[in-house]
Number of protein chains: 2
Amino acid sequence: MASSKPSIPKGTRDFGPEQMVRRNFIFDTIREVFSRYGYQPIETPAMENLSTLLGKYGEEGDKLLFKILNSGDFIDKADSSVFKLGNSNAASLAICEKGLRYDLTVPFARFVVQYQNDIQFPFKRYQIQPVWRADRPQKGRYREFYQCDVDVIGSNSLLNEYELVLIINEVFERLKIHTVLKLNNRKILSGIAEVIGESDKLIDITVAIDKIDKIGIEAVNSELRERGVAEQAVQKLQPIISMTGTNAEKLIVIKDVLKSSEIGMKGVAELEELFGYIESVGGLSTKVEFDLSLARGLNYYTGAIFEVKAVDVQIGSICGGGRYDDLAGIFGLKNLSGVGVSFGADRIYDVMLQQELFPESLAASTKVMFVNFGEKEAVYCLKALNRLRAAGMSAELYPDSSKMKKQLDYCNKRNIHFAVIAGENEINANQLAVKNMVTGQQELISYDNLTEFIQHNI
Amino acid sequence: MASSKPSIPKGTRDFGPEQMVRRNFIFDTIREVFSRYGYQPIETPAMENLSTLLGKYGEEGDKLLFKILNSGDFIDKADSSVFKLGNSNAASLAICEKGLRYDLTVPFARFVVQYQNDIQFPFKRYQIQPVWRADRPQKGRYREFYQCDVDVIGSNSLLNEYELVLIINEVFERLKIHTVLKLNNRKILSGIAEVIGESDKLIDITVAIDKIDKIGIEAVNSELRERGVAEQAVQKLQPIISMTGTNAEKLIVIKDVLKSSEIGMKGVAELEELFGYIESVGGLSTKVEFDLSLARGLNYYTGAIFEVKAVDVQIGSICGGGRYDDLAGIFGLKNLSGVGVSFGADRIYDVMLQQELFPESLAASTKVMFVNFGEKEAVYCLKALNRLRAAGMSAELYPDSSKMKKQLDYCNKRNIHFAVIAGENEINANQLAVKNMVTGQQELISYDNLTEFIQHNI
C-alpha cells in the first residue's frame, strides 16, 4: 500500500462538522415542514438501471449520467467490435447496465409505477437524497449535490398547488430568508403562442420577454424579430410585454389577449383559483408574483410553474417546480397528474451563509469538557459526566492526561462552553471546579450539583 | 420514450414511507447518542478516486468495488490494446478513475490526512452514509447499505474504548434491544500465538476456538491438528480453550498462559483497564463478555476488538469495531491511533422488526385529515388546517372533492386519527364535525376550538 497524497474527485465535496451542522439545520427544517403538511418520506437506490434513466433528460442529459461499469469480466460479455475509436457511447451501453440517479423525479415516477398497487393515491411524498451529474464543475455547480423534492401525484386539484405555496412560505420563513415566489402557468404560455400564431416559438418568446427589465422593450422587440417572430406577432405581444401592476391587473391584460384561446383561458382560470386561495386565506410572508417570463422546464410542465428567488442576494433560484400531467406515463402508467417543487439545499446554504442567517447555537455541539489529570481523576469524573449526558447535554472527558494547556486549547477551539477540573483537592472535598471558557470565571461546586449548575449557567 | 416495466438493480432497495419512518428512528437514535458523547458529523462524497480505494480491502475487496466509467470519449483516451478478452481488470483501470465508497473507514482516513491541519485532535467524528459493494446479493446482504460509524482518532487512551462501550450500551438501551457486547484484544491473540510457537496460525487458532460451544473440546483439538498446529502447541492451548467463568476468572487463566509474552501481557493490561472502568463506574444494561474467539478484521485491528450480538435473535453481529494503530498511515500520516465501531442499521432494523420493538407512535405521520366537499368548504377549512400545523401537528386537506367513502378510505389506510368534516350546516354554525377514526365517534365543536380539541383527544 503505497502512500499517496489524498484528494477527492473534482466537483465533489467533503463536509466537515461545522458545515454538517448547518446543512442538517436546513434539511431538518425542510423535512419538518414537509411532514407537517402530510408528506411521507421515501428513498430510492443511488444506482438505477440505465434503461430507467436514459432518454428522460434529453440528449444532453444522457451524456451527463454517471455510468457504472458492470462487475466481473465485462469485456468477455460485450461484443468486442464495440471497442473502437469514436464509439464510446455505444461501448458504454455494452459494458454498463447501471447509472447514478440524475434527479429525484424519474426515480419517483419509477417508484410510483412499480408500487402502484400498494400506494394510497393521492400520494404525497418527499425525498431528500443526493444526485449526480457529470457536468463541468464550476462555482456553485457540483457533480454531487442534494435535492429536496416534495410532490403529490394522483390529484388534479389546485389545492395541491396552494399547499406547495404554503410549504415554500413556511420553509423560508423558518430559515429567515426573504423570498419572492414567482408563479406562471404553462397553459398561459401555450395560449400566447397560439393567439399570436407562433406556437413553435414558445421558448424564443419567453427568453426574450425574460429580458425586459434588463434591456427594455425596444431591445426585446428587436430580439423577437431576430429570432424569427413575425412582425404581426410582435405587435400582438406588446400589451403582454409591457404589462405592469398587481397580479390582478396583469391577469386582466392577459385575459383580454387570450380570450380566443381555450388553453390560454384554462391557464388563467387555474392561476385565478390559486391566487384566490392565497388571498382568501392570507397569512403569507413570501411575496407571490405572477411572472409571465417564468418558463423553467417548459417541455415538462403542463400547468403551474413555480420559482423562488432570494431577495437581495445575487444567486439563481433556490426552489422551483410545477405540475406535470403525465409523469408516470414514461413508465406506462397513464393519467396520473402530479405537482411538486424541489428545494436547492446548496444554494439555500450559500444564501444563509452570506446573510448570516444560521442560528449561533448551531456552532458548538459539546457543552462541557472534563479535564483529564490521570486514571484516578478520570474515574472520579466519569459519573458526573454520565449524569450530564443523561440530562441531555453533550459532554466529554479529554481522553489523554495531556498538559492542561493542550486540553484547554482543544476546549477553546471546539467552542466548548465549560471546562470541569478535578484534582486531588477537589476529589478530597467531593467537589468540582467549573471554568466558564467564555468569561474565564471559575467556581467550586459540590460534586452532585454539576448538572444543575450547568443547566442554570449555560 | 418507450414505456418499460420498471425495476431496480439487484441487491438494491426502495424504502417506502413505513420503512423510512422506522429507519429514521434508528438513525436519529444513533445520531443523538453519538452527539451526546461529543462526536461530530462529517460526510464524504459517494465517489472516491480509485487510487484512494484500491489496495485497501485486499484482492477480494478490489473486485467488489463499483467503478464509474469516465465521462466523454473514454475509449479514445485509453490505450486500445487494453480491450482484450480476459483483460477486464486492466481495462477497467484504463477507463475508470472513480469508484463508489466501499466503507466509511478509508474515506475517514483520507479525510483526516487531507484536512490534518484544520482538525482538532483527538478528532471525534461520526458518519452515517450508504456504502456500495458488488457482492452477490442474498438474504440480508445488499449492494447498497448504510453504515453508522463512530471513531476517535489521535488518542491512545483506553478511556476512548470505555466511551464506545457506553455508546453501544446507550444506543441499544434506547432501541430496547437486549445485547451482549463481546470484547477481545488483538495483542492477547498475538501473545497466545507467540507462546505456543505458532505465530503464523493465528487465524486457524481463533477459527477453531470459536467452535468450542458447538462441537466440544475434542473436535476443536482435532481441527487444530488438521490445520497443522503442532501437538505441543495444542496441549499448551488447553487451559485457554477450556476456560470458563467470569471475565475476571478468564483473565487469571490468560495471564498465567501469557506471562512470558510481552505483547500478550500488554493486551491483558489493556483489557483489565477497560473492565476496570466498566466495573468502577457501573450502570451498564448490556452484558460485557471477554470472548477470546472474537477475531473480526484481525489484520486490521491492533488492540481492542468489539462485537455486539442481539440476545434471542438468530442474526450475525449488529455492531462491531476495534482499535487500529496506524489507520491514516496508508495515506502517509503516521502514528495516529484510532478506535471506533460501526452500527449495522439493516440488521438492527431486522432485529427490531422481528421483536416488535418499533414504537407504535411511528406508524402514522398525519394526525388529522379534512374531508373535501368542494371549493367553498375547502376554503372554510383552510384556516383551521393552518392553525393545526402552526401548533405542530401534521394535518392535511384531501385535495379532491371525491366521494366521502373514498376520502375516508384514504384516511383509514393512512392511519390518520381524526377526520374533520364541514358541510353547509357546519359552515353556517361556524362549527366543525370531528370524527375519531379509531372509535368511530363523531363530535360537533366550535371552529375556533379545533386545535385544543385535537390536542386533548389524541
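In the predicted model, chain B is superposed on chain A by a rotation of 180° with 0.0 Å of shift along its axis, and the RMSD of this superposition is 0.0 Å. The two copies are thus related as by a two-fold rotation axis. In chain B, the C-alpha nearest this axis belongs to B:Ile68, at 2.3 Å from it. Both copies use the same surface, since 100% of the contact residues of chain B recur in chain A.

One residue with contacts in both chains is A:Arg110, which is found in helix α6 (residues 105-114) of chain A. A:Arg110 counts as buried because its relative accessibility is 0%, and the cut-off for a buried residue is under 20%. Within chain A, the side chain of A:Arg110 is joined to that of A:Glu48 by a polar contact of 2.7 Å. A polar contact of 2.6 Å is also made between the side chains of A:Arg110 and B:Asp14. When neighbours within four places in sequence are left aside, the residues of chain A in contact with A:Arg110 are A:Thr44, A:Pro45, A:Glu48, A:Thr52, A:Tyr115 and A:Phe331. On the side of chain B, A:Arg110 is in contact with B:Pro6, B:Ser7, B:Ile8 and B:Asp14.

Side chains of opposite charge can pair when their charged atoms come close. Over all chains, a search of the whole structure finds 62 salt bridges. One of them is formed by the side chains of A:Asp135 and A:Arg141, with an N to O distance of 3.7 Å. A:Arg141 counts as partly exposed, at 35% relative accessibility.

Another salt bridge pairs A:Glu272 with A:Lys255, and the closest N and O atoms are 2.9 Å apart. This pair links distant parts of the chain, as A:Glu272 belongs to helix α13 (residues 262-281) of chain A and A:Lys255 to helix α12 (residues 247-258) of chain A, 17 residues apart. A:Glu272 is partly exposed, with a relative accessible area of 32%. A:Lys255 is likewise partly exposed, with a relative accessible area of 32%.

In chain B, the side chains of B:Glu270 and B:Lys187 meet in a salt bridge of 2.8 Å, N to O. B:Glu270 lies in helix α13 of chain B and B:Lys187 in helix α8 (residues 186-195) of chain B, so this salt bridge ties together parts that are 83 residues apart in sequence. The relative accessibility of B:Glu270 is 11%, and this residue therefore counts as buried. B:Lys187 also counts as buried, at 11% relative accessibility. A network of salt bridges that share partners takes in residues of both chains, namely A:Lys124, A:Glu163, B:Arg389, B:Glu396 and B:Arg414.

The surroundings of B:Glu270 can be described further. Helix α13 of chain B, which holds this residue, covers residues 262-281. Apart from neighbours within four places in sequence, B:Glu270 is in contact with B:Leu158, B:Asn185, B:Lys187, B:Gly303 and B:Ala304.

Chain B contains an open sheet of five strands in the order β13-β12-β14-β15-β16, with mixed pairing. The edges are taken by β13 (395-397) and β16 (442-446) of chain B; each has a single partner strand, so one side of each is left without a neighbour in the sheet. From one strand to the next, the twist averages 25°. Strand β14 (residues 418-421) and strand β15 (residues 431-436) of chain B run antiparallel and are joined by four bridges. B:Ile421 has B:Ala433 as its bridge partner in β15(B). Helix α15 (residues 375-390) of chain B packs on the sheet, where this helix touches β12 (368-370), β13 and β15 of chain B. The direction of helix α15 makes about 170° with that of β13(B).

In chain A, the loop between β13 (395-397) and α16 (404-413) contains A:Lys403. A:Lys403 has a relative accessibility of 71% and therefore counts as exposed, the cut-off for an exposed residue being over 50%. Between A:Lys403 and A:Asn372 the separation is 31 residues in sequence and 9.0 Å in space, C-alpha to C-alpha.

Definitions and conventions:
Residues are numbered from 1 along each chain as its sequence is written. Chains are lettered from A and ligands numbered from 1 in the order in which they are written. This is a predicted model: local features need pLDDT of at least 70, side-chain atom pairs count only at pLDDT 80 or more; totals for chains, interfaces and linings use all residues. Side-chain values use heavy atoms; hydrogens and water are left out. Copies are superposed by least squares on the C-alpha atoms of residues with pLDDT of at least 70 in both. Contact means heavy atoms within 4.5 Å. Helices (H or I, at least four residues) and strands (E, at least two) are DSSP runs, numbered from the N terminus. Buried means under 20% relative accessible area, exposed over 50%, partly exposed in between (1.4 Å probe, protein chains only). A polar contact is a pair of N or O atoms within 3.5 Å; within protein, one must be able to donate a hydrogen and the other to accept it, and residues adjacent in sequence count only if both atoms are side-chain atoms. A salt bridge is a side-chain nitrogen of Lys or Arg within 4 Å of a carboxyl oxygen of Asp or Glu. Two strands pair if DSSP finds at least two bridges between them. Axes are lines fitted to C-alpha atoms, for helices over the stretch in contact, and angles run from 0 to 180 degrees between N-to-C directions.
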